[in-house]
Amino acid sequence: MNNKLDYIAIDFETANYYKNSACSVGLVRLIDGKETDSVYSLIHPAKMYFIPEWTETIHHISYDDVRDKPYFPEVWDTIVMPFINKTPDIPLVAHNGNMFDMPVIKNCCEYFGMEVPKLEYFDSLIVAKKTWPDLESHRLTALGEYFKIEYLAHDALEDSRTCGQIIKFAADKWGVNSIEELLKSCKFELRSF
């Protein structure tokens with residue numbers, strides 16, 4: 001890992017409870033804690049599962065929005081990995097990534113018979129809990145409210161951007177200038193698939 005505050009925030013939205021039902025992805029690259037570029041794509045879910053009203057209400061993605069979009073392998077190979085590979089030595093970060101976003105990647109790859117990529121990542125939810133233990137909630141929406149970040153919750157790109165900002169705030173709070181130092185301060189390490 002390089003010794004800078006460089007990372008890529010990633011977020012998925014899913015069509016329903018199935019972890020292989022990714023219907024959008026957003027990524028934001030942050031170099032020295034500042035956004036440099038981003039990418040977003042809608043995704044045709046693995047099976048065109050019925051998109052229940054409750055999920056459409058949350059992320060505002062409907063059947064009509066995704067029915068003509070590319071499937072996960074095409075989005076992964078033509079959008080996500082080229083974006084990641086521009087800066088291959090920096091980790092991914094996702095909010096509640098251990099429980100949601102990384103399993104989405106793993107389940108989508110397995111469903112489509114793709115090799116699970118060898119990527120390093122960490123979870124901004126853990127960073128937030130270690131950095132601000134007294135906060136009542138560490139959900140991304142609650143952190144956004146606490147830090148007065150105005151954003152559209154459950155939009156994959158907006159969630160990624162907010163996650164990236166939270167990591168910068170955490171590094172500032174700890175007085176550190178690299179992901180390595182931040183994770184050491186929070187007493188955990190990068191994970192990988």
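The sulfur of C23 lies 10.0 Å from the closest cysteine sulfur, that of C108, which is too far for a bond. A disulfide is a covalent bond between the sulfur atoms of two cysteines, and here it is counted when a pair of cysteine sulfur atoms is within 2.5 Å. A search of the whole structure finds 0 disulfides. The table sets out two of the cysteines, where buried means under 20% relative accessible area, exposed over 50%, and partly exposed in between (1.4 Å probe, protein chains only).

| Cysteine | Closest cysteine sulfur | Relative accessible area |
|---|---|---|
| C23 | C108, 10.0 Å | 0%, buried |
| C186 | C163, 13 Å | 1%, buried |

This is a predicted model, in which local features need pLDDT of at least 70 and side-chain atom pairs count only at pLDDT 80 or more, while totals for chains, interfaces and linings use all residues. Residues are numbered from 1 along each chain as its sequence is written, and side-chain values use heavy atoms, with hydrogens and water left out.

**The sheet**

Helices (H or I, at least four residues) and strands (E, at least two) are DSSP runs, numbered from the N terminus. An open sheet of 6 strands follows the order 3-2-1-4-5-6 with mixed pairing, two strands being paired if DSSP finds at least two bridges between them. Its edge strands, each pairing on one side only, are strand 3 (34-42) and strand 6 (191-192). Strand 5 (residues 120-123) and strand 6 run antiparallel and are joined by 2 bridges, and E120 has S192 in strand 6 as its bridge partner.

**Helix 7**

Helix 7 (residues 156-174) packs on the sheet and touches strand 1, strand 2, strand 3, strand 4 and strand 5, where contact means heavy atoms within 4.5 Å. The direction of helix 7 makes about 145° with that of strand 1; axes are lines fitted to C-alpha atoms, for helices over the stretch in contact, and angles run from 0 to 180 degrees between N-to-C directions.

How far apart are the end C-alpha atoms of helix 7? They are 27 Å apart, which agrees with the 27 Å that its 19 residues should span at 1.5 Å a residue, the expected span being 1.5 Å times one less than the number of residues.

The buried residues of helix 7 include D159, T162, C163 and I166. T162 has a relative accessible area of 1%, and, not counting residues up to four places away in sequence, T162 touches L140, I149 and Y151. Just after helix 7, G175 takes a positive phi of about 70°.
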